[in-house]
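Trainee: Please take one helix of this model and go through it closely. I would like to know which residues face outward, which face inward, and what they pack against.

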Amino acid sequence: HLRKSEVEYMAMLAKTQKVLVKGRKKTEVKMVSKKAKKQQDSMNSRLKLVMKSGKAILGYKHSLKSLRKGKSKMILIASNCPHLRKSEVEYMAMLAKTQKVLVKGRKKTEVKMVSKKAKKQQDSMNSRLKLVMKSGKAILGYKHSLKSLRKGKSKMILIASNCPHLRKSEVEYMAMLAKTQVHHYAGDNTSLGTACGKFFNCSVLSIIDGGDSDILTNDTKE
């Protein structure tokens, strides 16, 4: 009786299903609907493509590291993930503003559709950035951009969409103190780096001289 009560108490804490053999309680059988099965199959096929052509990090500790660094774009949590780990990952994803999906759960994937207007704005910003890199002067990187803001040299700051929340707020605060214009770039750090003609990622960009481009005179929407 003592062992039984102890096991039941631990199962209650861990939210684990308990079954009494040859007792009154019966096993609970969950029927999976066709719709849920189709969703799971489509998710599995997408994951296969990600593993072939993209980049993914497996495991609880490594996933938390990627969230802290702001590299993660999406988090997948298994249905039988322990409650404490699940809540910790969800909290970290909320801080990092990362999309989370419960596999075989109630939550579904959110698909963001990019409008034509936003795409046009991004293309025009990319063309202006090319002119800035050719004829003007710009500083790439978080630390160097903060230095240019402290010295009062920066005239405009561009922040990528996937820039970590803490860094983003720090740059915005420094730009507010320096009375410098801030533009929230529609693309991620990879697209911002490629727009500048570089082969590395860039989350923060500081423009010191616009050159022949009208990026500083034209009113860009934040």
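Mentor: Lys61, Arg68 and Lys69 are exposed on one side of helix 3; the model is a predicted one. On the other side, the buried residues of helix 3 are Ser63, Leu64, Ser66 and Leu67. These four span an arc of only 160 degrees around the axis, so they sit on the same side of helix 3. An α-helix has 3.6 residues a turn, so residues three or four places apart point the same way. The cover over the buried residues of helix 3 includes strand 1 (74-77) and helix 4 (83-95).

Among the buried residues, serine 63 can be followed further. Serine 63 belongs to helix 3, which runs over residues 60-69. Its relative accessible area is 15%, and the cut-off for buried is under 20%, so serine 63 counts as buried. A polar atom of the serine 63 side chain lies 2.5 Å from the backbone oxygen of glycine 59. Apart from neighbours within four places in sequence, serine 63 is in contact with Ile57 and Ile75. Just after helix 3 comes glycine 70, with a positive phi of about 80 degrees.

To sum up the helix: Lys61, Arg68 and Lys69 are exposed on one side, while Ser63, Leu64, Ser66 and Leu67 are buried, with strand 1 and helix 4 among the elements that cover them.

Notes:
Residues are numbered from 1 along each chain as its sequence is written. This is a predicted model: local features need pLDDT of at least 70, side-chain atom pairs count only at pLDDT 80 or more; totals for chains, interfaces and linings use all residues. Side-chain values use heavy atoms; hydrogens and water are left out. Helices (H or I, at least four residues) and strands (E, at least two) are DSSP runs, numbered from the N terminus. Buried means under 20% relative accessible area, exposed over 50%, partly exposed in between (1.4 Å probe, protein chains only). A polar contact is a pair of N or O atoms within 3.5 Å; within protein, one must be able to donate a hydrogen and the other to accept it, and residues adjacent in sequence count only if both atoms are side-chain atoms. Contact means heavy atoms within 4.5 Å. The arc is that of the directions from the helix axis to the C-beta atoms.
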